[in-house]
Amino acid sequence: MAFGRTVDNMRYSPLTGITPQNADQLGRAYTIDFLRLDPDTRRGQQSYPLAIGGVLYVTTNDGNVFAIDGATGKVLWQSPLPFGGNATPSTYEVNGRQFIVISAGGGKSGRPSGGLLVAFALPE
């Protein structure tokens, strides 16, 4: 799967639960306050969440990556990054093992500039 769901970035979702007929019935499920989670957060979350198996992965410009339960908003995991996470996390698989990779660059967020890819994976 590519960014935007398709290689031509159409962002079309095949999900059918939310329709024009029931969209006005949507209610807020949760709100995540990144400043409450990490008082050093200055610029918040500025990337698109990556959704895998009901878990959302997001980065902050201030240098954290979070795994969030997509149904409840509960933070499942948090890890610092060496620089701000200025890009949407990506995922890939090698020999059945799935990885999440984040471009950590800083610079724009007022943090030191860098140029790292940081990959996370579950233990084998």
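## Exercises on two sheets and a pocket

In this predicted model, four strands make up an open sheet, ordered S1-S2-S3-S4 and paired in the antiparallel sense.

**Exercise 1.** Work out which strands stand at the edges of the sheet S1-S2-S3-S4, and what this leaves on one side of each.

*Solution.* Begin with the order of the sheet, which runs S1-S2-S3-S4. Strand S1 (50–52) and strand S4 (75–80) each have a single partner strand, so both are edge strands, and one side of each is left without a neighbour in the sheet. Next, consider the angle between neighbours: with direction ignored, neighbouring strands of this sheet are turned by 20° against each other on average. Finally, look at one pair in detail, namely strand S3 (residues 64–69) and S4, which pair in the antiparallel sense over five bridges; within this pairing, Ala67 has Trp77 of S4 as its bridge partner.

**Exercise 2.** Decide whether Ser79 is buried or exposed, and list the residues that Ser79 touches beyond those up to four places away in sequence.

*Solution.* First locate the residue: Ser79 belongs to strand S4. Its relative accessibility is 14%, and because buried means under 20%, Ser79 counts as buried. Leaving aside residues up to four places away in sequence, the contacts of Ser79 are Gly63, Asn64, Val65 and Phe120.

**Exercise 3.** Describe the open sheet of three strands, stating the order, the edge strands and the sense of the pairing.

*Solution.* The order is S5-S6-S7, and the pairing is antiparallel. Strand S5 (90–94) and S7 are the edge strands, since each pairs on one side only. Neighbouring strands of this sheet are turned by 30° against each other on average, again with direction ignored. Turning to the pairing itself, S6 and S7 run antiparallel and are joined by six bridges, and Ser103 stands opposite Leu117, a residue of S7.

**Exercise 4.** For the second largest pocket, establish how much space lies in it, which residues are closest to its centre, and which element gives the most to its lining.

*Solution.* The volume comes first: about 290 Å³ of space lies in the second largest pocket. It is lined by 13 residues, of which Tyr57, Gln98, Ile100, Ala121 and Leu122 are the closest to its centre. The elements that give two or more residues to this lining are strand S6 (97–104) and strand S7 (116–121), and S6 gives the most, with four residues. Sorted by class, the lining of this pocket holds 10 nonpolar, two polar and one charged residues.

Key:
Residues numbered from 1 in each chain as written. Predicted model: local features only at pLDDT ≥ 70, side-chain atom pairs only at ≥ 80, totals over all residues. Heavy atoms only, no water. 1 Å grid on protein atoms, 1.4 Å probe; cavity = no way out; pocket = protein on both sides within 12 Å on 5 of 7 lines; lining within 4 Å. Points joined across faces, edges and corners; volume = space filled by probe spheres on them. Nonpolar A, V, L, I, M, F, W, Y, C, P; charged D, E, K, R; others polar. Pairing = 2+ DSSP bridges. Axes fitted to C-alpha atoms, helices over the stretch in contact; angles between N-to-C directions. Buried < 20%, exposed > 50% of the residue type's maximum accessible area, 1.4 Å probe, protein only. Contact = heavy atoms within 4.5 Å.
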